[in-house]
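Here is a friendly walk through a two-chain complex for someone who likes to see where the numbers lead. Take a look at the sequence and the structure first, and then read on.

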Amino acid sequence: MMNWSDALIQLQYNLGAPQELSWLVEGITYFIGAFVIANAALVLALLLIWITRKVISRIQDRIGPNRLGPYGLFQTVADAMKLLSKEDIKPKSADTLSYFIAPILSVVGVLMALAVIPFGAGLIGADLNVGVLYLVALGSIGIMAALMAGWGSNNKYALLAGFRVVAQLLSYEIPMVLAMFAPVLLVGTMRMQALSQAQSLYLGPINLGLGWFVFLLPGAFLIYFIAALAESEQTPFDLLEAESELIAGFHIEYSGMKFAMFFLAQFLNSFFLGAIAVALFLGGWQGPFAGQVPLLGPIYFLAKTFFVYIVIQWIKGTFPRVRIDQMMQFAWKVLVPLVLSLILAQMIIMKLPLPEWINMLLVLVANIAVVITVLNVMGNYFKREQVRSKRAFAPKSLIGTMQPVNSPSGD
Amino acid sequence: MPELPFPLPPLPTVAQVIFILIAVLAVVGSLMVVLARNLFHSALGLVAAFFGAAGVYIVAEAEFIGVSQVLVYVGAISTLITFAIMLTRGMMFGATSPRNRQSGTAAIITVLAFIVLAALLRAIPWPQVGEPITDGQAIIAGLGYAFVNQYVVPFLLLAMLLLVALAGAIMLARDRK
């Protein structure tokens, strides 16, 4: 499959670009690629916010935006105009340098992820040798941005919230990274394009494109998904935001377009983490007949990514928020040991001198064990919390009569 | 076209322009580390310098080291430094002078170190890389093999060191009652 950049360079030569100016031709090609990708992301953000509003309002039995444009599609555009026209406030004692760089940095860190996302066969910004590791490294830019915003605002609540953001992002980075390495171990490369390619399923000569790693590594996928929810500060891990209670944490002092950039970074981040989930676990651009009709690749990829995004919004509409101690405990006492043992088990199993399908079966068994453990731990915890909170909020005189909620159906 | 009296210097290639930009970032960041009046700005300059170093690695086609540089230095070490600065009383706000009584000595040592390094750079016949890395070649796999075969003892020692540091950090931060 031809790479998009090669195709574009060839097109320019065919249009009559002289061979001597190859550096200019390459420069133009990469500029076009970067320009399209970066601007598409910004337009995408408008669509993502609209999807979020629509999904949440349907869950809450409302209609959502429906005045501006078909199905209220242009509501977000109007909101963006409003944010642009707002007064740009800078607190008097804020630290100028970090206050102004932080919102830019938060968007840059998110946008850079686009470079290695394989939208289709041959449709990837740069197929780096270390693609997965690159995605992991980008997370640290977001952490720096949060720290700079929290400190630069010169507001003690913003600073405290910045510390909380860093604590959450650092804690959930570990299970997320290790879960991302499960497919890398399986394929033996960190190239995003090779990882997508490996998820094909041939039925004779026809590529059904259904060899998704989620069928083989459901445990790693579950851990990745939970950690990605935390990394993108989505419900149930949106305790940093807590829009109605904490007034948005570390970017409390930001207004107008600078606030909008944090907002944008958050929406794009949750979309891109979904895109990474699709590329690593949900088959990437693979799908039925994607090998025969290359145009289907990007369509499959975007469809899957939007599906994951809608699931994230569904979770946002239905889940309660966790407390900070619960969040930390779940990361360090449940996810990290589980994902470590999962990776260790996978490495040992893949080296066993057995036929390949038995190895794969053992990997699957280990993954299913992890899924069951995670669900068990969460279920038990929710049960205990339910009893505890019912006891805590019950009228004092009734404490002796409270029964634990053990329903006969045994949920 | 009239003949020029002197030959024009050759235009820098794209790679050279990128290298110059990255070098400027690294140098400005490093200068900020030593010259900034605010300790937090010094830390930010350090982050910029780390990014510059990562960029140099990437220009040299050592993508793995470049990305690891960002991951380890920007992600972990500078976060640690920033936290240390933020949690140190009286250092967060207000200017600290970048100079002290030792600046004269430091300047002499720096110049000497620069001369030694520059001489080394010129004197040593650096090995030339033979083959450019082709697409699809798994360089990281080779690194992994080297870690568990040839260099297994240093690798395990490093792992032990990190484990001891982890246990020590937990011991220090533990709630003593």
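## Contacts and burial in chain B

In this predicted model, 51% of the contacts in chain B between residues at least 6 apart in sequence join residues at least 24 apart. Burial tells its own part of the story: of the 177 residues in chain B, 16% are buried. The secondary structure here comes to 6 helices and 0 strands, and reading along the sequence gives the pattern α-α-α-α-α-α.

How confident is the predictor in chain B, on average? The mean pLDDT is 82, and 82% of the residues score at least 70. For the complex, the predictor reports an ipTM of 0.77 and a pTM of 0.86.

## Domains and a helix in the open

The domain assignment splits chain B into domain 1, covering 14-97, and domain 2, covering 139-177. Between the C-alpha centres of these two domains of chain B there are 25 Å.

Helix H4 of chain B runs over residues 103-123. Its 21 residues reach 30 Å from first C-alpha to last, close to the 30 Å expected at 1.5 Å a residue. Is H4(B) enclosed or in the open? The number of buried residues among its 21 is 0, so H4(B) lies largely in the open. A residue needs 20 or more other C-beta atoms within 10 Å to count as buried, and no residue of H4(B) gets there.

## Chain A as a whole

Chain A has 13 helices and 2 strands. Its radius of gyration is 24 Å, close to the 22 Å that the globule rule gives for 411 residues, so chain A is as compact as a globular protein of that length. If you would like a box for it, the C-alpha atoms fill one of roughly 90 × 65 × 40 Å along the principal axes.

Buried residues account for 40% of the 411 in chain A. As for contacts with a separation of 6 or more in chain A, 75% come from residues 24 or more positions apart.

## Two domains within chain A

Chain A is divided into domain 1 (1-85) and domain 2 (93-391). Taken over C-alpha atoms, the centres of these domains of chain A are separated by 22 Å. Their contact takes 21 residues from domain 1 and 21 residues from domain 2.

Which elements give two or more residues to the side of domain 1 of chain A that touches domain 2 of chain A? They are H2 and helix H3 (75-84) of chain A. H2(A) gives the most to that side, with 13 residues. By class, this side of domain 1 has 17 nonpolar, 4 polar and no charged residues.

## Where the chains meet

The contact between the chains takes 21 residues from chain A and 20 residues from chain B. On the side of chain A that touches chain B, helix H2 (22-59), helix H4 (96-111) and helix H5 (131-152) of chain A each supply at least two residues. H5(A) gives the most, with 10 residues. Sorted by class, the side of chain A facing this contact has 14 nonpolar, 7 polar and no charged residues.

## Closer looks in chain A

Helix H9 of chain A covers residues 218-231. At 1.5 Å a residue its 14 residues should span 20 Å, and the end C-alpha atoms are 20 Å apart, which agrees. Of those 14 residues 13 are buried, so H9(A) is largely enclosed by the rest of the structure. After H9(A) comes A:Glu233, whose phi is positive, near 55 degrees.

Two phenylalanines are worth a visit. A:Phe272 sits in helix H10 (residues 256-280) of chain A, and it counts as buried, with 24 C-beta neighbours inside 10 Å. Leaving aside neighbours within four places in sequence, A:Phe272 is in contact with A:Val110 and A:Ala113. A:Ala113 is 159 residues away along the chain, yet the C-alpha atoms of A:Phe272 and A:Ala113 are separated by 7.3 Å.

A:Phe100 is found in helix H4 of chain A. With 15 other C-beta atoms within 10 Å, A:Phe100 is partly exposed. From A:Phe100 to A:Leu210, 110 residues apart along the chain, the C-alpha separation is 46 Å.

Terms used:
Residues are numbered from 1 along each chain as its sequence is written. Chains are lettered from A and ligands numbered from 1 in the order in which they are written. This is a predicted model: local features need pLDDT of at least 70, side-chain atom pairs count only at pLDDT 80 or more; totals for chains, interfaces and linings use all residues. Domain bounds come from an automatic or database domain assignment. Two residues are in contact if their C-beta atoms, placed from the backbone, lie within 7 Å. Helices (H or I, at least four residues) and strands (E, at least two) are DSSP runs, numbered from the N terminus. Ala, Val, Leu, Ile, Met, Phe, Trp, Tyr, Cys and Pro count as nonpolar, Asp, Glu, Lys and Arg as charged, and the others, Gly among them, as polar. pLDDT is the predictor's confidence in each residue, from 0 to 100. The radius of gyration is taken over C-alpha atoms; the globule rule is 2.2 Å times the number of residues to the power 0.38. A residue is buried if 20 or more other C-beta atoms lie within 10 Å of its own, exposed if 12 or fewer, and partly exposed in between; C-beta atoms are placed from the backbone. The expected span of a helix is 1.5 Å times one less than its number of residues.
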